Amino acid sequence: MGIYYLKEELREVWTQPCKNQAEKFLDDWIRKASSSEIGMLKTMAKTLSSYKSGILAYYDFPLSTGPLEGTNNKIKTMKRQAYGFRDMEFFKLKIMALHETKYALVG
(Lines give C-alpha, C1' and ligand atoms only; values in the text may rest on other atoms or scores of the structure.)
Protein backbone atom coordinates (compact mmCIF):
# COMPACT_ATOMS: atom_id res chain seq x y z
CA MET A 1 0.00 0.00 0.00
CA GLY A 2 1.34 3.44 -0.93
CA ILE A 3 2.17 6.27 1.43
CA TYR A 4 -0.68 8.42 0.19
CA TYR A 5 -3.25 5.71 0.87
CA LEU A 6 -1.86 5.03 4.33
CA LYS A 7 -1.93 8.75 5.10
CA GLU A 8 -5.55 9.04 3.99
CA GLU A 9 -6.48 5.87 5.86
CA LEU A 10 -4.97 7.20 9.10
CA ARG A 11 -7.47 10.09 9.04
CA GLU A 12 -10.21 7.52 9.56
CA VAL A 13 -9.08 6.84 13.14
CA TRP A 14 -11.17 9.84 14.24
CA THR A 15 -14.33 8.53 12.58
CA GLN A 16 -14.45 5.23 14.43
CA PRO A 17 -17.63 4.80 16.46
CA CYS A 18 -15.97 3.73 19.73
CA LYS A 19 -12.62 3.50 21.48
CA ASN A 20 -12.25 -0.27 20.98
CA GLN A 21 -12.75 -0.03 17.23
CA ALA A 22 -10.40 2.95 17.07
CA GLU A 23 -7.74 0.94 18.91
CA LYS A 24 -8.12 -1.98 16.50
CA PHE A 25 -7.98 0.40 13.56
CA LEU A 26 -4.87 2.14 14.90
CA ASP A 27 -3.14 -1.17 15.66
CA ASP A 28 -3.88 -2.35 12.13
CA TRP A 29 -2.52 0.88 10.65
CA ILE A 30 0.64 0.66 12.78
CA ARG A 31 1.13 -2.95 11.65
CA LYS A 32 0.80 -1.96 7.97
CA ALA A 33 3.18 0.98 8.33
CA SER A 34 5.74 -1.06 10.29
CA SER A 35 5.77 -3.78 7.66
CA SER A 36 6.38 -1.32 4.82
CA GLU A 37 9.78 -0.80 3.25
CA ILE A 38 9.64 2.95 3.86
CA GLY A 39 11.74 4.22 6.76
CA MET A 40 9.62 7.31 7.45
CA LEU A 41 6.48 5.18 7.73
CA LYS A 42 8.23 2.88 10.18
CA THR A 43 9.24 5.91 12.24
CA MET A 44 5.67 7.23 12.12
CA ALA A 45 4.35 3.84 13.25
CA LYS A 46 6.78 3.84 16.17
CA THR A 47 5.73 7.37 17.13
CA LEU A 48 2.02 6.52 16.95
CA SER A 49 2.65 3.43 19.07
CA SER A 50 4.18 5.53 21.81
CA TYR A 51 1.32 8.08 21.68
CA LYS A 52 -1.47 5.53 21.27
CA SER A 53 -2.97 6.01 24.73
CA GLY A 54 -3.10 9.78 24.23
CA ILE A 55 -4.68 9.43 20.80
CA LEU A 56 -7.30 7.03 22.14
CA ALA A 57 -8.02 9.33 25.09
CA TYR A 58 -9.94 11.44 22.57
CA TYR A 59 -12.71 8.83 22.76
CA ASP A 60 -12.99 9.35 26.54
CA PHE A 61 -12.83 13.16 26.35
CA PRO A 62 -13.49 14.44 22.79
CA LEU A 63 -11.80 17.82 23.20
CA SER A 64 -9.79 19.70 20.64
CA THR A 65 -7.19 22.41 21.06
CA GLY A 66 -8.20 23.86 17.68
CA PRO A 67 -9.94 26.96 19.09
CA LEU A 68 -6.97 27.66 21.34
CA GLU A 69 -4.54 27.31 18.43
CA GLY A 70 -6.72 29.69 16.41
CA THR A 71 -6.62 32.28 19.19
CA ASN A 72 -2.84 31.92 19.47
CA ASN A 73 -2.48 32.53 15.73
CA LYS A 74 -4.69 35.63 15.96
CA ILE A 75 -2.52 36.98 18.80
CA LYS A 76 0.66 36.34 16.81
CA THR A 77 -0.79 38.08 13.78
CA MET A 78 -1.91 41.05 15.87
CA LYS A 79 1.53 41.23 17.50
CA ARG A 80 3.22 41.39 14.10
CA GLN A 81 0.82 44.11 12.96
CA ALA A 82 1.41 46.11 16.16
CA TYR A 83 5.21 45.96 15.97
CA GLY A 84 6.63 49.26 17.17
CA PHE A 85 3.55 50.47 19.02
CA ARG A 86 4.26 51.75 22.51
CA ASP A 87 0.83 51.37 24.08
CA MET A 88 0.95 47.92 25.70
CA GLU A 89 -2.37 48.46 27.52
CA PHE A 90 -4.24 48.87 24.22
CA PHE A 91 -2.57 45.70 22.93
CA LYS A 92 -3.73 43.79 26.04
CA LEU A 93 -7.28 45.04 25.53
CA LYS A 94 -7.19 43.92 21.89
CA ILE A 95 -6.07 40.43 22.97
CA MET A 96 -8.84 40.22 25.57
CA ALA A 97 -11.41 41.25 22.95
CA LEU A 98 -10.30 38.55 20.48
CA HIS A 99 -12.91 36.04 21.60
CA GLU A 100 -15.64 38.51 20.57
CA THR A 101 -14.36 39.02 17.04
CA LYS A 102 -16.29 37.53 14.16
CA TYR A 103 -13.86 38.44 11.41
CA ALA A 104 -10.53 37.19 10.12
CA LEU A 105 -7.38 39.19 10.72
CA VAL A 106 -5.96 40.30 7.41
CA GLY A 107 -3.10 42.52 6.46
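This report walks through the helices, the aromatic residues and one lysine of a predicted model.

## Overall make-up

The protein has six helices and zero strands. Read from the N terminus on, its elements run α-α-α-α-α-α.

The protein has 107 residues, and 21% of them are buried. Contacts also link distant parts of the chain. Take the contacts between residues at least 6 apart in sequence: 46% of these join residues at least 24 apart.

## Helices α2 and α3

Helix α2 spans residues 19-34, and helix α3 spans residues 39-50. Their axes come within 8 Å. They cross at roughly 150°. An angle over 145 degrees counts as roughly antiparallel. α2 and α3 are therefore roughly antiparallel to each other. The crossing of α2 past α3 is left-handed.

Which residues meet where α2 and α3 are in contact? From α2 come Leu26, Trp29, Ile30, Ala33 and Ser34. From α3 come Leu41, Lys42, Met44, Ala45, Leu48 and Ser49. Sorted by class, this contact has eight nonpolar residues, two polar ones and one charged one.

## Helices α5 and α6

A second helix pair lies further along the chain. Helix α5 covers residues 66-81, and helix α6 covers residues 88-96. The two axes come within 10 Å and cross at roughly 155°. That angle makes α5 roughly antiparallel to α6. Here the crossing is right-handed.

In α5, the residues that make the contact are Ile75, Met78 and Lys79. They meet Phe91, Lys94 and Ile95 in α6. By class, the contact of α5 with α6 has four nonpolar residues, no polar residues and two charged residues.

## Aromatic pairs

How many aromatic pairs does the structure hold? There are three. One of them joins Tyr4 and Tyr5, whose ring centres are 5.9 Å apart. The planes of these two rings stand at 75°, so the pair is edge-to-face. Both Tyr4 and Tyr5 are exposed.

Tyr58 and Tyr59 form another aromatic pair, also edge-to-face. Their rings are 5.7 Å apart centre to centre, with 85° between the planes. Tyr58 has 31% relative accessibility, so this residue counts as partly exposed. Trp14 joins the picture here: Trp14, Tyr58 and Tyr59 form one aromatic cluster.

## Lys19 and its contacts

Lys19 lies in helix α2. Is Lys19 buried, exposed or partly exposed? Its relative accessibility is 31%, so Lys19 counts as partly exposed.

Lys19 also touches residues from elsewhere in the sequence. Leaving aside its neighbours within four places in sequence, Lys19 is in contact with Leu56, Tyr59 and Asp60. Of these, Tyr59 is also a member of the aromatic cluster with Trp14 and Tyr58. Ile55 offers a distance across the fold. Lys19 and Ile55 are 36 residues apart along the chain. Their C-alpha atoms are separated by 9.9 Å.

## In brief

The model has six helices and zero strands. α2 and α3 pass in a left-handed crossing, whereas α5 and α6 pass in a right-handed one. Tyr59 pairs with Tyr58 and is in contact with Lys19.

Definitions and conventions: Residues numbered from 1 in each chain as written. Predicted model: local features only at pLDDT ≥ 70, side-chain atom pairs only at ≥ 80, totals over all residues. Heavy atoms only, no water. Axes fitted to C-alpha atoms, helices over the stretch in contact; angles between N-to-C directions. Helix = DSSP H or I, 4+ residues; strand = E, 2+ residues; numbered from the N terminus. Parallel < 35°, antiparallel > 145°, perpendicular 65-115°, else oblique. Left-handed = near helix turned anticlockwise from the far one by under 90°. Contact = heavy atoms within 4.5 Å. Nonpolar A, V, L, I, M, F, W, Y, C, P; charged D, E, K, R; others polar. Phe/Tyr/Trp six-rings, centres within 6.5 Å; stacked < 30°, edge-to-face > 60°. Buried < 20%, exposed > 50% of the residue type's maximum accessible area, 1.4 Å probe, protein only.
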